Amino acid sequence: MLNSIKIEKFPTTRYQGSKRKILPWLYDNLKDLDFETVLDACGGTASVSYMFKIMNKHVTYNDILKFNWIIGKALIENQGIKITNNDLDFILKFDSSRKKGFIEKTFKDYYYTDKENKWLDNTINNINLIQGKNEYETDIKKAMCFYALYQASLRKRPFNLFHRKNLYIRTNDVKRNFGNKTTWEKDFTNEFKFFINELNEAIFDSEVECTSLNQSIFDIENSYDLVYFDVPYITKNGSNETSNYLKCYHFLEGITDYENWNDKIDYSTKNLRFKKPATDNEFSKSNIFQSMDTLFEKFQDSILVFSYKIGGVPSIDEIESLMKKYKKNVEIKSKHYVYALNKQNGNAAYNREVIIIGK
Ligand SMILES: C[S@@+](CC[C@H](N)C(=O)[O-])C[C@H]1O[C@@H](n2cnc3c(N)ncnc32)[C@H](O)[C@@H]1O
């Protein structure tokens, strides 16, 4: 077993709530637990699944959003397929005779410039045409290209989100005291190649089957030795606007289902986000406590690991008591961690990462 893990080679991301930076600490606290099968219940960028894969575990990645599921396929399920230079030439070929695509027509002045919108339409079209040696390779290569497209799209966005129609932040000629104009203006093609390269280097064969799922965690019926929960963080006082991941990343979800995107948009919203899903958000302030009770009960035969931060709802004490309903042995580990955006708030309590482990 590895003494520690180094994250320098782990793929980078600007996804909100990614655990990439605290993986060495997470590893130290989980490495001695006795488990072979693991469910990363709300997997996001798959950074935690990737750590479990390095630990040679039988990993099941899951996320309710389709674009995240694709990330899970590209990085976790994929045991060795890579994108070649020929694939890249195919994906990046620009067809200037193409008619205006959906993004160029629909999202003018929303998130990217006209030229970038055209680039996105062209690239998505090419990705959907890529062919591997067989159906499986085609599926994984497509996932890998979408992976790189998501990461490049995030890095070029102010705040790395799509919660506002705010291209003007990039294009207005004003003095800024936040954000990173140089990063936003980087060329899409180069960014795409950067992330393909990073992904190609990260792919390895763990020789243990790994799977990516796209379900609500409440619907998963299989059992696992360990279940890791990193649910959306709900602040006690804040607006919680960014705890709804579909609201923040609807654009990436749209890219993933490009053909049906139009039917999914709520055209009455200012930022053209998706229509509200039929089911209620289980991780909102009013129902997260009940939801965690349901999930701990459902997976009570597994080792439970719950990641959270101090200052949220429910509180760490509340989660601890809840876990004790189902588990005899509950331990809390915490780590001081300063998030880039919170550097100025000076309040260390809000920057404390916690894991609660129930055995
Ligand atoms: C805090 S993020 C996870 C971050 C992840 N650990 C990482 O390192 O990138 C929470 C994730 O929960 C997902 N999610 C929200 N509701 C869910 C549900 N009912 N079932 C499964 N996943 C859900 C969101 O799409 C989001 O990606």
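Thr60 has Thr211, in strand E3, as its bridge partner. Strands E2 and E3 run parallel and are joined by three bridges. The model is predicted. Its open seven-stranded sheet, two nonpolar cores and an enclosed helix are covered below.

**Sheet**
- The strand order is E3-E2-E1-E4-E5-E7-E6, and the pairing is mixed.
- E3 and strand E6 (330-336) are the edge strands, each pairing on one side only.
- On average, neighbouring strands of this sheet are turned by 15° against each other, with direction ignored.

**Helices on the sheet**
- Helix H2 lies across strand E1 (37-40), E2 and strand E4 (226-229), and runs at about 170° to E2.
- Helix H14 (residues 316-324) also packs on the sheet, where it touches strand E5 (303-309), E6 and strand E7 (352-358).
- The direction of H14 makes about 10° with that of E7.

**Helix H3**
- Helix H3 (residues 66-77) is largely enclosed by the rest of the structure, because ten of its twelve residues are buried.
- The buried residues of H3 are Phe67, Asn68, Ile70, Ile71, Gly72, Lys73, Ala74, Leu75, Ile76 and Glu77.
- Helices among the elements covering these buried residues are H2 (47-54), H7, H10 (188-202) and H11 (245-256).
- Strands E2 (58-62) and E3 (211-213) also belong to that cover.

**Nonpolar cores**
- The largest nonpolar core has 82 residues.
- Met51, Phe52, Phe107, Tyr249, Phe251 and Trp261 have the most contacts inside this core.
- Helix H7 (residues 135-155) gives the most to this core, contributing eleven residues.
- Leaving out residues up to four places away in sequence, Met51 touches Ile5, Phe10, Leu23, Leu26, Tyr27 and Leu30.
- A second core, separate from the largest one, has 31 residues, including Ala41, Cys42, Tyr224 and Val354.

**Cysteines**
- A search of the whole structure for disulfides finds zero.
- For Cys42, the closest cysteine sulfur is that of Cys248, at 15 Å, so the two are too far apart for a bond; the cut-off for a disulfide is 2.5 Å between sulfur atoms.
- Cys42 is buried, with a relative accessible area of 17%, which falls under the 20% limit for that class.
- Cys145 is buried as well, and its relative accessible area is 0%.

Conventions
Residues numbered from 1 in each chain as written. Predicted model: local features only at pLDDT ≥ 70, side-chain atom pairs only at ≥ 80, totals over all residues. Heavy atoms only, no water. Core = buried A, V, L, I, M, F, W, Y, C linked by side-chain atoms within 4.5 Å. Buried < 20%, exposed > 50% of the residue type's maximum accessible area, 1.4 Å probe, protein only. Helix = DSSP H or I, 4+ residues; strand = E, 2+ residues; numbered from the N terminus. Contact = heavy atoms within 4.5 Å. Pairing = 2+ DSSP bridges. Axes fitted to C-alpha atoms, helices over the stretch in contact; angles between N-to-C directions.
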